[in-house]
Amino acid sequence: MFHLRTCAAKLRPLTASQTVKTFSQNKPAAIRTFQQIRCYSAPVAAEPFLSGTSSNYVEEMYCAWLENPKSVHKSWDIFFRNTNAGAPPGTAYQSPLSLSRSSLATVAHAQSLMEAQPNVDKLVEDHLAVQSLIRAYQIRGHHVAQLDPLGILDADLDSSVPADIISSTDKLDLAVFKERLRMLTVGGFYGLDESDLDKVFHLPTTTFIGGPESALPLREIIRRLEMAYCQHIGVEFMFINDLEQCQWIRQKFETPGIMQFTNEEKRTLLARLVRSTRFEEFLQRKWSSEKRFGLEGCEVLIPALKTIIDKSSENGVDYVIMGMPHRGRLNVLANVIRKELEQIFCQFDSKLEAADEGSGDMKYHLGMYHRRINRVTDRNITLSLVANPSHLEAADPVVMGKTKAEQFYCGDTEGKKVMSILLHGDAAFAGQGIVYETFHLSDLPSYTTHGTVHVVVNNQIGFTTDPRMARSSPYPTDVARVVNAPIFHVNSDDPEAVMYVCKVAAEWRSTFHKDVVVDLVCYRRNGHNEMDEPMFTQPLMYKQIRKQKPVLQKYAELLVSQGVVNQPEYEEEISKYDKICEEAFTRSKDEKILHIKHWLDSPWPGFFTLDGQPRSMTCPSTGLEEDVLTHIGNVASSVPVENFTIHGGLSRILKTRKELVTNRTVDWALAEYMAFGSLLKEGIHVRLSGQDVERGTFSHRHHVLHDQNVDKRTCIPMNHLWPNQAPYTVCNSSLSEYGVLGFELGFAMASPNALVLWEAQFGDFNNMAQCIIDQFICPGQAKWVRQNGIVLLLPHGMEGMGPEHSSARPERFLQMCNDDPDVLPDLQEDNFDINQLYDCNWIVVNCSTPGNFFHVLRRQILLPFRKPLIVFTPKSLLRHPEARTSFDEMLLGTHFQRVIPEDGPAAQNPDKVKRLLFCTGKVYYDLTRERKARDMAEQVAITRIEQLSPFPFDLLLKEAQKYPNAELAWCQEEHKNQGYYDYVKPRLRTTIDRAKPVWYAGRDPAAAPATGNKKTHLTELQRFLDTAFDLDAFKKFS
Ligand SMILES: Cc1ncc(C[n+]2csc(CCOP(=O)(O)OP(=O)(O)O)c2C)c(N)n1
């Protein structure tokens, strides 16, 4: 009644024609509008038979009548006409004089029953009861669907049958069924009588169970609902708040006889099951003591994925990017992606050596990329399986990011050509928060991939843990409900039901471009891996599993009994595939060496030589012509569109920028602008993503201007730089570090010709994305031979803001660098600096000037290879008057400075220098201020290490040698057990062959990154500055 009351209060009664007009005018926005106009005239609302539950039913009738008065029963037509004409409550209903809509005998029977019905209340109530019953099945039918192939577990962890569903869990037991019906009918839930079972009821427009019929006897209604919702498919969709989408799903599952397969399709399905099953059996025969995380118990996964791919290919998709965990990975590689079997088999040969770098345990983690013809559609299709760590679900956002990039670079703005499929285990899908974070990216404009098909291998166990101990939600898939994704649970021992839901899932994606979940409820025939004993922990389940006939055998028997195949044909199919495996096995023995580069998920054709080497080992100047700098500066300080009103505060910021450009200098924001803008000119796509990056957390960037007078009107000046420039993407992200960094990493995988940056709101939040950093960014190339040039911008610095916003944890990034602290490399080597970069696992910098920041960003793209770049970015330096760079240091011929040497009076008379302080980043400005205050410019030299890793041994050796009489000290503002000290000290000692000590000036060790007390912060700062400039400070230790 809520709708009725509120709408009736708000709206005056409309005539039928008025209302119809309103409805049809609103048609294009049908779904939302539908709900908005869901209102009756006041007299209807006052009808005595309208109660809470009846209102939905009558609303629906009313809406149908508005669209087409003939679509509803004559009695309703008269009723609505009368109420709209102002008939007083209780008088609008008239028994129909003639009911001529259907020629069906059943309907005629129903009509005669209706006409004979003296009591209109009873008529409405009975219809409402039937309506409620239908809705109950649509909402809760999946709870009683027969989903578990073992028949011992309830997929929703609940053995009870919802109170408003007539089915019993044991449908064969007629007595139970009758009892339940009796409870729900006679004086029970629905108020129907058992005799009503043969009465015919008009079907509402929200069901398709009637097929061509608009009315059915109750008994048949129940039977059809049972068929649609309570067999081997459980459809969860009624939470979707879009009527069109709900109708679409109802139509797909309720329409009688819709689940039909041709004999050809059945034979293809059988052949695919043969491959899936026999592949695992082959591996088991050949390597019985190897772990392979086999698919036994969910062999149907292979035909399921192939069906999704076939259907998507039919709908225009030509590139599918997949992510998956361990379970069945080899089978997917072999039978879905079609990796050569010998390449897979030779992974089991522990004696084979790898031709290239890459760590072990590869066969469950390596990726793959393969272009081929889809045999069903005869269209080209590219399949890519993204390499992943064992951290379950971590690859989800990476797959999404790569998919988005591939869509972006081929101009596929609606996801019609490129799509992603993500596979999950049930325990991981329910347990890992990254699943939720990834779902939340699915509908954001700069992150959407226009629908992912999720397939859950729901073997109802996680290693040894029972689902009842592993999740609090009924299904492992409930997380998908937050984005209104329909969820199709299906019993995996019914291959045809599986194929059907996979077809529907693929159609859903290509129709609505939204996520969808297929939950393959299955079992795991062996232990977690083949070496594992499952009976320790799941004895009864595994007793049942031992009795379970493999799905291939069951399906083959079914098809033989149906005459679709005969036994010899089936056996022939098996021996054909076994032979393929055997031959590949023989060939695999000829493989002498493993080529991990054959397992790349994202090859970059053209970027490397054919051998996979960089095309050169040099890096050109990262400087620019002056007119380019000036042009970018002018655009950055203007509003490049007409009639666009910006905020007054922003006008002042742009004015200051303009002054900087006039004075040929840049601050931090302008330096970034110059780097991005110039790369765009060179055809390099730039994408900056992260929380509030558009404006910049510290309000310094302002890459998106907002018209102060027109809602949502924005302008991105960076996209107005040059006529044929590459596009610039800047996007505020969802509040997820794990998800968004993973996404950007995936985006950066797709092409080497893009600068992809992720900025943390504050650097310390990078720990929320630790898994992406530890498992992908740091070791990605070493594990998977895959380069990636992602840039992490991590605001860092001790500004007295307390422990929560100070440290981006440089110590962690530095601790994971692969250079040896104790070995001095060959400094005479040609291109020493580039070689060092090529060998490192990532580059870590802390720039002290905007100009150097500009150079390092440009170098990232001008290098002939790709490495992740970690940049500790400043906060106070963004506005520091001394943190400025002249155009002169950014012109052609200039480079990124790995080290900025002292260039003041100390450098003029180096012999007189008593102390050489090494530092990095913003503390430099504190040090120079203090040195000036103490008038020690001749005694103390200060050298900045801008590139921390790879460590600039060569340049620092020169610096150390330049000041022969100076003590060496490392100065940092971070606590001693944090920051850079532990990384820098041994390397500096190696640089000078341990000839001198390297002293420390900085904060004491501490548990927290910073004090929460501003005064203590300043006291600590002063204390370490005192140490840095007290030339006797270290005497007591020497
Ligand atoms: C993030 C993470 N935590 C723990 C593990 C260890 N682990 C490997 S498989 C597994 C069970 C996974 O169960 P499920 O997701 O249901 O997949 P299944 O193995 O049953 O296919 C666990 C806990 C892991 N790989 N990743």
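Student: How far is an oxygen atom of the ligand from an N or O atom in the side chain of Arg327?
Tutor: In this predicted model, local features need pLDDT of at least 70, side-chain atom pairs count only at pLDDT 80 or more, and totals for chains, interfaces and linings use all residues. Residues are numbered from 1 along each chain as its sequence is written, and side-chain values use heavy atoms, with hydrogens and water left out. A polar contact is a pair of N or O atoms within 3.5 Å. The pair formed by the ligand oxygen and the Arg327 side chain is separated by 2.9 Å.

Student: What share of the ligand's exposed area does the protein bury?
Tutor: Areas are accessible areas from the Shrake-Rupley method with a 1.4 Å probe. The ligand taken alone exposes 580 Å². Of that area, the protein buries 74%.

Student: Which residue offers a polar backbone atom to a nitrogen atom of the ligand?
Tutor: Backbone atoms also approach the ligand: a polar one of Ala427 is 2.9 Å from a ligand oxygen. For the ligand nitrogen, the distance is 3.2 Å, and the backbone atom belongs to Leu392.

Student: Which helix gives the largest share of the shell around the ligand?
Tutor: The ligand is surrounded by 15 residues, each with a heavy atom within 4 Å of it. The closest are His326, Arg327, Ser390, Asp426 and Ala428. Helices are DSSP runs (H or I, at least four residues), numbered from the N terminus. The largest share, three residues, comes from residues 426-431, helix H17.

Student: Why does Cys502 form no disulfide with Cys298?
Tutor: A disulfide is a pair of cysteine sulfur atoms within 2.5 Å, and a search of the whole structure finds zero. Cys502 is buried (under 20% relative accessible area, 1.4 Å probe, protein chains only) at 0%. Its closest cysteine sulfur, in Cys298, is too far for a bond, at 10.0 Å.

Student: How far apart are the C-alpha atoms of Val161 and Val144?
Tutor: Val161 lies in the loop between helix H8 (120-140) and helix H9 (174-185). Val161 is buried, its relative accessible area being 17%. Val144 is 17 residues away along the chain, and the C-alpha separation is 6.2 Å.

Student: Which helices do the buried residues of H35 pack against?
Tutor: In helix H35 (residues 953-962), the buried residues are Phe953, Asp954, Leu956, Leu957, Glu959 and Ala960. Contact means heavy atoms within 4.5 Å. The strands (E, at least two residues) that they pack against are S23 (899-900), S24 (915-919) and S25 (940-945). The helices are H31 (832-839) and H36 (981-991).

Key: Polar contact = N/O pair within 3.5 Å; in protein donor to acceptor, adjacent residues only side chain to side chain. Buried < 20%, exposed > 50% of the residue type's maximum accessible area, 1.4 Å probe, protein only.
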